[in-house]
Number of protein chains: 2
Amino acid sequence: MTGPTPRGRRPGEPPTREQIRDAARRLFGEHGFPGTSLRQIAAEAGVDVRLVSHYFGSKADLFVAAVDLPFDPEPAFDALLADGSDGLGERLAAFVLGILDSQRGRLVMSGMIRAAASEEAAAAMVRDRLVGHLLLPLARRLGADQAELRASLVGSQIAGLVTARHIVGLPALVGADLATLIPLVAPVFDHYLTGVFPAPVDGR
Amino acid sequence: MTGPTPRGRRPGEPPTREQIRDAARRLFGEHGFPGTSLRQIAAEAGVDVRLVSHYFGSKADLFVAAVDLPFDPEPAFDALLADGSDGLGERLAAFVLGILDSQRGRLVMSGMIRAAASEEAAAAMVRDRLVGHLLLPLARRLGADQAELRASLVGSQIAGLVTARHIVGLPALVGADLATLIPLVAPVFDHYLTGVFPAPVDGR
């Protein structure tokens with residue numbers, strides 16, 4: 001191939017598969033995981049719905065395969081970690097809650113959890129993407145002991161904010177704005193990222 | 001009525017509705033939300049599957065209606081709060097992670113999130129139950145400022161542990177045992193429950 005790769009085109013991917021992926025990315029990004037059906041994606045891509053299932057499996061599988069994280073991890077880590085650990089928790093809280101403040105960011109983040117909750121195959125894909133693209137790169141950058149555990153605990157609090165605020169919809173969290181939440185969540189991220197952890201119990 | 005109320009029987013509930021609820025509680029408790037179908041529940045209750053849908057709606061609705069929390073909130077709060085705020089985060093972390101260490105507790109807690117993630121009607125029921133039976137009673141007992149927000153932030157970290165460890169399955173959390181996790185999560189609960197919170201931004 002010599003020309004530029006169209007948006008979303010993966011090397012060697014057949015054009016139809018690429019059309020389906022683009023259509024899925026557009027519709028999931030606008031209407032979220034619950035508000036989008038495989039049938040709508042097939043219509044948007046101009047293909048039979050059976051072809052969508054043939055290429056991508058279930059709706060949850062297609063969501064995870066098609067939708068990108070609402071940010072690019074490495075530049076985000078660069079910005080977050082540029083000033084060292086001073087104020088890191090607050091920068092991370094502002095970054096995460098800022099993403100959740102946009103409709104698109106919220107739909108992508110809550111869609112990942114909805115997809116993982118709906119079936120094990122999608123959960124495995126979400127797990128592999130989060131571990132490979134976010135948690136391990138972040139852990140490598142932290143330079144701390146037990147780095148993967150630290151990154152995963154941060155992930156648990158982020159997943160919990162998405163679940164409690166945007167999936168279950170707890171009123172006190174839905175009603176709290178960024179300026180309220182950032183200073184409350186920041187010390188938790190600082191604790192997980194840079195706090196003194198006891199030595200692992202089993203000596204790892 | 002003069003005799004004792006059978007297990008799970010709600011006052012004025014027709015016997016068939018009660019049979020379905022009991023069957024659902026048994027099967028969901030043994031096999032979890034993804035591992036149980038409405039058809040299996042109907043067979044266990046000895047009724048037509050359409051009657052299950054007629055009484056309870058979707059599988060997610062039935063899960064939330066049938067399955068009880070894996071603990072009784074008021075006695076749990078008594079035990080957790082008996083010694084005041086000293087060591088409260090550690091007692092709460094041990095309590096929550098202890099529940100998640102049992103298969104039944106794990107299935108119920110992750111089932112609540114799966115049900116809420118699968119449709120908005122179930123999310124509304126989960127929200128009403130968590131707020132009414134857990135968060136507001138806990139907030140009342142805390143005697144702290146911004147008590148509902150504090151209780152909801154605790155709820156977010158608990159939901160995050162369930163989601164990250166038992167739904168997405170992040171390896172570093174799956175591989176960490178109670179003795180490792182309790183002292184790491186305890187300071188987060190202490191911060192949310194008894195830490196100094198800035199005055200609310202909008203003056204509430």
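**Exercise 1. Describe the contact between chain B and chain A: how many residues does each chain give to it?**

Solution. The model is predicted, with local features needing pLDDT of at least 70, side-chain atom pairs counting only at pLDDT 80 or more, and totals for chains, interfaces and linings using all residues. Residues are numbered from 1 along each chain as its sequence is written, while chains are lettered from A and ligands numbered from 1 in the order in which they are written. Counting two residues as in contact if their C-beta atoms, placed from the backbone, lie within 7 Å, one finds 46 residues from chain B and 45 residues from chain A. On the chain B side, at least two residues each come from helices H7 (103–118), H8 (120–142), H9 (147–167), H10 (171–174) and H11 (178–194), helices being DSSP runs of H or I with at least four residues, numbered from the N terminus. H9(B) provides the largest share of that side, 14 residues. Sorted by class, the chain B side holds 30 nonpolar, ten polar and six charged residues, where Ala, Val, Leu, Ile, Met, Phe, Trp, Tyr, Cys and Pro count as nonpolar, Asp, Glu, Lys and Arg as charged, and the others, Gly among them, as polar.

**Exercise 2. Work out whether the length of helix H11 of chain A agrees or disagrees with its residue count, and where the helix bends.**

Solution. The expected span is 1.5 Å times one less than the number of residues; the 17 residues of H11(A), 178–194, should therefore span 24 Å, and the end C-alpha atoms, 23 Å apart, agree with this. The helix nevertheless bends by about 30 degrees at A:Val185, with the proline A:Pro187 following within four residues; the bend is the angle between axes fitted to the seven residues ending there and the seven starting there. Buried residues of H11(A) include A:Val185, A:Val188 and A:Phe189, a residue being buried if 20 or more other C-beta atoms lie within 10 Å of its own, with C-beta atoms placed from the backbone. The cover over the buried residues of H11(A) includes H6 (88–100), H8 and H9 of chain A, together with H11 of chain B.

**Exercise 3. Identify which residues have the most contacts inside the largest nonpolar core.**

Solution. Such a core is a set of buried Ala, Val, Leu, Ile, Met, Phe, Trp, Tyr and Cys residues joined through C-beta atoms within 7 Å. The largest has 123 residues, and A:Ala116, A:Val126 and B:Ala116 have the most contacts inside it. H8(A) gives the most to this core, eleven residues. Leaving aside neighbours within four places in sequence, A:Val126 is in contact with A:Val64, A:Met112, A:Ala115, A:Ala116 and B:Val168.

Key
A residue is buried if 20 or more other C-beta atoms lie within 10 Å of its own, exposed if 12 or fewer, and partly exposed in between; C-beta atoms are placed from the backbone.
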